[in-house]
Amino acid sequence: MTDRYCVFGNPIGHSKSPAIHAAFAAQTGETLEYTAIEAPLDDFADAWRTFIVQGGRGANVTVPFKEEAYRLCDVLSSRARRAGAVNTLLLGKNGQSSDAKVYGDTTDGVGLVHDLKQHGVALEGRRILVLGAGGAVRGVLEPLLAASPTSLLVANRTAAKAEALAQDFADLGAIRGGGFEGVSGPFDLVINGTSASLAGDLPPLPDALFADGATAYDMMYGAEPTVFLRWAAARGARCLDGLGMLVAQAAESFFQWRGKRPETAPVLAELRRSL
Ligand code: ATR
């Protein structure tokens with residue numbers, strides 16, 4: 001039976017993951033099948049069990065199932081435990097079928113850090129501002145702090161959530177949390193992890209936010225730059241969207257399943273053309 005993988009979500013019709021993993025498989029010479037599966041909102045665990053019976057070896061998990069995926073794992077990576085969420089499921093360590101345990105990881109944060117590196121954005125010794133304090137931000141803080149920034153400020157509409165989040169990660173580095181009103185630049189890197197872009201909204205930010213040569217990164221992406229990236233470009237920042245993060249987190253999942261690390265740049269370029 002061909003090894004099967006999938007992405008679970010609801011809704012899932014728009015997912016780019018099948019195209020990304022098909023490109024990775026072709027590039028690395030791996031034989032596998034990767035599909036998108038819409039799991040029922042009330043029974044994700046059953047959808048996963050059914051998938052395993054049908055030859056499933058691993059899966060990506062997206063909205064709204066990342067916390068449920070976390071709960072069904074037998075073994076969690078330390079970054080998944082920190083994130084409280086899982087975006088990568090693996091049946092058996094390194095895909096060994098003799099091991100029936102379910103392993104869970106979150107590759108979003110390493111995907112973000114990898115994408116920043118690919119684009120030549122340094123993190124070590126830099127001042128970083130992260131906007132938002134929801135699940136998306138929680139999932140990226142550990143790898144960001146591991147890259148040794150001088151400071152990392154988490155700013156959120158609801159200040160208390162940012163403060164609590166910063167507390168949860170305080171043992172890993174110089175992290176603080178607060179509301180938008182306390183934000184004052186300059187920062188070398190500003191990452192938008194709010195879902196404000198979805199509604200075309202912009203968090204209230206001071207004009208003097210960016211240091212010389214600073215980068216603005218939106219974890220969202222689209223055919224057109226987000227409101228945040230347009231605002232940042234007008235203030236001189238270099239702008240990157242989250243499409244690279246999407247491809248890089250997929251590459252890390254692929255590596256965990258197949259032991260081969262695909263090249264992300266050609267896949268990202270193709271995806272960009274198709275937007
Ligand atoms: P996700 O999984 O995408 O992180 P989430 O956990 O619901 O989703 O978090 C959404 C984040 O976007 C939160 O930080 C939210 O701010 P609050 O904690 O104050 O709700 C932020 N957000 C959503 N809409 C926003 C808006 N219009 N302006 C600013 N922040 C917004």
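These are my notebook entries on the ligand site, helix α9 and two buried loop residues of a predicted model.

**Entry 1, the ligand.** I began with the shell around the ligand and counted 13 residues in it, the closest being A136, N156, R157, T158 and K161. By residue class, I noted that this shell divides into three nonpolar, seven polar and three charged residues. I then looked up the distances to oxygen atoms of the ligand: a polar side-chain atom of N156 lies 2.7 Å from one such oxygen, and a side-chain N or O atom of K161 is likewise found 2.7 Å from a ligand oxygen. For G135 the atom concerned belongs to the backbone, an N or O that lies 3.0 Å from an oxygen atom of the ligand. As for cover, I recorded that the ligand on its own has 650 Å² of accessible area, of which the protein covers 70%.

**Entry 2, helix α9.** I turned next to α9, which spans residues 227-234, and asked which of its residues are buried. They are F228, L229, W231 and A232. These buried residues lie on the same side of α9, because the arc they cover around the axis is only 160°. I then followed what they pack against, and found the strands β7 (127-131), β10 (187-192), β11 (210-218) and β12 (238-241). After the helix comes G236, for which I noted a positive phi, near 90°.

**Entry 3, S197.** I placed S197 in the loop between β10 and β11, and then asked whether this loop residue is buried or exposed. S197 has a relative accessible area of 13%, so it counts as buried, the limit being under 20%. Its side chain is joined to that of D218 by a polar contact of 2.9 Å. With neighbours within four places in sequence set aside, I listed the contacts of S197 as N192, D218, M220, T226 and F228; of these, F228 is also one of the buried residues of α9.

**Entry 4, E30.** I finished with E30, whose place is in the loop between α1 (17-28) and β2 (33-38). What did I find its side chain to be in polar contact with? The partner is the side chain of K260, at 2.8 Å. E30 is buried as well, with a relative accessible area of 17%. Leaving out neighbours within four places in sequence, I found E30 in contact with A25, F254, R258 and K260, so K260 appears here under the contact limit of 4.5 Å too.

Terms used
Residues are numbered from 1 along each chain as its sequence is written. This is a predicted model: local features need pLDDT of at least 70, side-chain atom pairs count only at pLDDT 80 or more; totals for chains, interfaces and linings use all residues. Side-chain values use heavy atoms; hydrogens and water are left out. A residue is near a molecule or strand if one of its heavy atoms lies within 4 Å of it. A polar contact is a pair of N or O atoms within 3.5 Å; within protein, one must be able to donate a hydrogen and the other to accept it, and residues adjacent in sequence count only if both atoms are side-chain atoms. Accessible areas come from the Shrake-Rupley method with a 1.4 Å probe; for residues, only the protein chains shown count as cover. Ala, Val, Leu, Ile, Met, Phe, Trp, Tyr, Cys and Pro count as nonpolar, Asp, Glu, Lys and Arg as charged, and the others, Gly among them, as polar. Buried means under 20% relative accessible area, exposed over 50%, partly exposed in between (1.4 Å probe, protein chains only). The arc is that of the directions from the helix axis to the C-beta atoms.
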